[in-house]
Amino acid sequence: DLLNASRIAESLIQHGDRLARRVLHADEIAEYLRRGGAGDVRGQRYVAARFAAKEAFSKAWGTGIGAAVSFHAISVLNAGNGAPVLQTHGQLQAAMDARGLRAWVTLSDEGDFVVAHVLLEQTGQR
(Lines give C-alpha, C1' and ligand atoms only; values in the text may rest on other atoms or scores of the structure.)
Protein backbone atom coordinates (compact mmCIF):
# COMPACT_ATOMS: atom_id res chain seq x y z
CA ASP A 1 0.00 0.00 0.00
CA LEU A 2 1.26 3.47 -0.88
CA LEU A 3 0.13 6.41 1.23
CA ASN A 4 0.74 10.15 1.13
CA ALA A 5 1.71 10.68 4.78
CA SER A 6 0.78 14.36 4.66
CA ARG A 7 -2.92 13.35 4.56
CA ILE A 8 -2.48 11.56 7.91
CA ALA A 9 -0.45 14.46 9.33
CA GLU A 10 -3.13 16.98 8.36
CA SER A 11 -5.85 14.92 10.03
CA LEU A 12 -3.81 14.48 13.21
CA ILE A 13 -3.00 18.19 13.39
CA GLN A 14 -6.62 19.16 12.78
CA HIS A 15 -8.34 16.53 14.96
CA GLY A 16 -5.69 15.52 17.48
CA ASP A 17 -5.45 11.87 18.48
CA ARG A 18 -8.87 10.86 17.11
CA LEU A 19 -7.49 9.23 13.94
CA ALA A 20 -4.62 7.61 15.83
CA ARG A 21 -7.03 5.99 18.30
CA ARG A 22 -9.19 4.75 15.42
CA VAL A 23 -6.23 3.24 13.54
CA LEU A 24 -3.82 2.08 16.25
CA HIS A 25 -4.20 -1.05 18.36
CA ALA A 26 -3.81 -0.54 22.12
CA ASP A 27 -0.31 -2.06 21.87
CA GLU A 28 0.73 0.71 19.44
CA ILE A 29 -0.60 3.75 21.32
CA ALA A 30 2.29 3.96 23.82
CA GLU A 31 4.88 4.06 21.03
CA TYR A 32 2.86 6.68 19.14
CA LEU A 33 2.79 8.88 22.25
CA ARG A 34 6.50 8.24 22.91
CA ARG A 35 7.16 9.55 19.41
CA GLY A 36 5.38 12.79 20.20
CA GLY A 37 1.79 12.03 19.23
CA ALA A 38 -0.27 14.15 16.83
CA GLY A 39 1.91 17.25 17.08
CA ASP A 40 5.23 15.62 16.14
CA VAL A 41 6.26 14.41 12.68
CA ARG A 42 7.57 11.17 14.23
CA GLY A 43 4.15 10.42 15.71
CA GLN A 44 2.45 11.34 12.45
CA ARG A 45 4.76 9.04 10.45
CA TYR A 46 4.17 6.25 12.93
CA VAL A 47 0.40 6.43 12.33
CA ALA A 48 0.86 6.73 8.57
CA ALA A 49 3.10 3.66 8.41
CA ARG A 50 0.69 1.59 10.53
CA PHE A 51 -2.27 2.75 8.45
CA ALA A 52 -0.47 1.67 5.27
CA ALA A 53 0.54 -1.69 6.77
CA LYS A 54 -3.01 -2.45 7.90
CA GLU A 55 -4.39 -1.49 4.48
CA ALA A 56 -1.77 -3.71 2.83
CA PHE A 57 -2.71 -6.61 5.10
CA SER A 58 -6.40 -6.18 4.34
CA LYS A 59 -5.66 -6.24 0.61
CA ALA A 60 -3.51 -9.36 0.96
CA TRP A 61 -6.37 -10.93 2.97
CA GLY A 62 -8.67 -10.05 0.08
CA THR A 63 -11.33 -8.04 1.88
CA GLY A 64 -10.07 -4.54 2.56
CA ILE A 65 -10.67 -2.89 5.93
CA GLY A 66 -14.13 -3.76 7.24
CA ALA A 67 -15.89 -6.41 9.26
CA ALA A 68 -13.40 -9.23 8.65
CA VAL A 69 -10.28 -7.08 9.08
CA SER A 70 -10.44 -4.07 11.39
CA PHE A 71 -7.66 -1.65 12.25
CA HIS A 72 -7.70 -2.85 15.87
CA ALA A 73 -7.35 -6.52 14.86
CA ILE A 74 -3.80 -5.76 13.64
CA SER A 75 -0.76 -4.25 15.30
CA VAL A 76 2.65 -3.47 13.86
CA LEU A 77 5.35 -3.26 16.50
CA ASN A 78 9.12 -3.42 16.21
CA ALA A 79 11.40 -6.30 17.13
CA GLY A 80 14.51 -5.61 19.17
CA ASN A 81 16.50 -5.10 15.96
CA GLY A 82 13.94 -2.52 14.73
CA ALA A 83 12.28 -4.75 12.13
CA PRO A 84 8.50 -4.30 11.91
CA VAL A 85 6.46 -7.27 13.11
CA LEU A 86 2.79 -7.60 12.18
CA GLN A 87 0.55 -9.30 14.74
CA THR A 88 -3.11 -10.17 14.42
CA HIS A 89 -5.57 -10.32 17.32
CA GLY A 90 -8.89 -11.88 18.26
CA GLN A 91 -11.00 -13.49 15.53
CA LEU A 92 -8.52 -12.47 12.87
CA GLN A 93 -5.74 -14.34 14.68
CA ALA A 94 -8.01 -17.38 14.94
CA ALA A 95 -8.68 -17.19 11.18
CA MET A 96 -4.93 -16.88 10.49
CA ASP A 97 -4.26 -19.94 12.65
CA ALA A 98 -7.07 -21.94 11.02
CA ARG A 99 -5.62 -21.21 7.57
CA GLY A 100 -2.04 -21.83 8.68
CA LEU A 101 -0.92 -18.33 7.74
CA ARG A 102 1.83 -16.04 8.96
CA ALA A 103 2.15 -12.35 8.00
CA TRP A 104 5.35 -10.55 7.01
CA VAL A 105 5.53 -6.76 6.66
CA THR A 106 8.01 -4.21 5.35
CA LEU A 107 7.70 -0.44 5.78
CA SER A 108 9.54 2.35 3.97
CA ASP A 109 9.14 6.08 3.63
CA GLU A 110 10.55 8.69 1.31
CA GLY A 111 9.53 12.32 1.27
CA ASP A 112 5.79 12.55 1.79
CA PHE A 113 5.17 8.88 0.98
CA VAL A 114 4.97 5.73 3.08
CA VAL A 115 4.84 2.28 1.52
CA ALA A 116 3.96 -1.01 3.19
CA HIS A 117 4.14 -4.50 1.75
CA VAL A 118 2.47 -7.48 3.41
CA LEU A 119 3.02 -11.09 2.46
CA LEU A 120 0.83 -13.85 3.84
CA GLU A 121 2.81 -17.08 4.03
CA GLN A 122 1.27 -20.56 4.21
CA THR A 123 3.16 -22.23 7.06
CA GLY A 124 1.63 -25.66 6.62
CA GLN A 125 0.63 -25.70 10.31
CA ARG A 126 -3.07 -25.83 10.96
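Helices and strands here are DSSP runs, counted from the N terminus: a helix needs at least four residues and a strand at least two.

**Figure 1. The whole chain, element by element.** Welcome to this predicted model! The chain holds 5 helices and 5 strands. If you walk along the sequence, writing α for a helix and β for a strand, you meet the pattern β-α-α-α-α-β-β-α-β-β. The C-alpha trace spans about 45 × 25 × 25 Å along its principal axes. How does the radius of gyration fit with a compact globule? A compact globule of 126 residues would have a value near 14 Å, and the chain has 14 Å, so the two agree.

**Figure 2. A close look at the open sheet.** In this view, 3 strands make an open sheet, and their order across the sheet is 1-5-4, with antiparallel pairing. Which strands sit at the edges? They are strand 1 (2-4) and strand 4 (101-110), each of which pairs on one side only. On average, neighbouring strands of the sheet are turned by 20 degrees against each other, direction ignored.

**Figure 3. Where strand 1 meets strand 5.** Strand 5 covers residues 113-122, and its antiparallel pairing with strand 1 runs over 3 bridges. To find one of these contacts for yourself, look for Asn 4, whose bridge partner in strand 5 is Phe 113.

**Figure 4. Helices against the sheet.** Start with helix 1 (residues 5-15), which lies across strand 1 and strand 5. Helix 1 runs at about 45 degrees to strand 1. Now turn to helix 4 (residues 41-61), which packs on the sheet and touches strand 1, strand 4 and strand 5. The direction of helix 4 makes about 40 degrees with that of strand 5.

**Figure 5. The hairpin of strand 4 and strand 5.** How many bridges join strand 4 to strand 5? There are 10 bridges, and the two strands run antiparallel. Among the residues to look for is Thr 106, which has His 117 as its bridge partner in strand 5. The hairpin has 2 residues between its strands, and Gly 111 takes a positive phi near 60 degrees there.

**Figure 6. Inside the largest pocket.** The largest pocket offers about 240 Å³ of space. It is lined by 15 residues, and the closest to its centre are Val 85, Leu 86, Gln 87, Arg 102 and Ala 103. Which elements supply at least two residues each to this lining? Strand 3 (84-88), helix 5 (90-99) and strand 4 do. Sorted by class, the lining of the largest pocket has 8 nonpolar, 5 polar and 2 charged residues.

**Figure 7. Inside the second largest pocket.** This pocket, the second largest, has a volume of about 180 Å³. Its lining includes several arginines that you can pick out: Arg 35, Arg 42, Arg 45 and Arg 50. Also in the lining are Tyr 46, Ala 49, Asn 78, Pro 84, Leu 107, Ser 108, Asp 109 and Val 114. Helix 4 and strand 4 each give at least two residues to the lining of the second largest pocket. Which element gives the most? Helix 4 does, with 5 residues. By class, the lining of the second largest pocket has 5 nonpolar, 2 polar and 5 charged residues.

Conventions. Residues are numbered from 1 along each chain as its sequence is written. This is a predicted model: local features need pLDDT of at least 70, side-chain atom pairs count only at pLDDT 80 or more; totals for chains, interfaces and linings use all residues. Side-chain values use heavy atoms; hydrogens and water are left out. Two strands pair if DSSP finds at least two bridges between them. Axes are lines fitted to C-alpha atoms, for helices over the stretch in contact, and angles run from 0 to 180 degrees between N-to-C directions. Contact means heavy atoms within 4.5 Å. On a 1 Å grid over the protein atoms alone, a cavity is a set of points where a 1.4 Å probe fits but cannot get out, and a pocket is an open set with protein on both sides within 12 Å along at least five of seven lines; lining residues have an atom within 4 Å of a point. Grid points are joined across faces, edges and corners, and a volume is the space filled by probe spheres set on the points. Ala, Val, Leu, Ile, Met, Phe, Trp, Tyr, Cys and Pro count as nonpolar, Asp, Glu, Lys and Arg as charged, and the others, Gly among them, as polar. The radius of gyration is taken over C-alpha atoms; the globule rule is 2.2 Å times the number of residues to the power 0.38.
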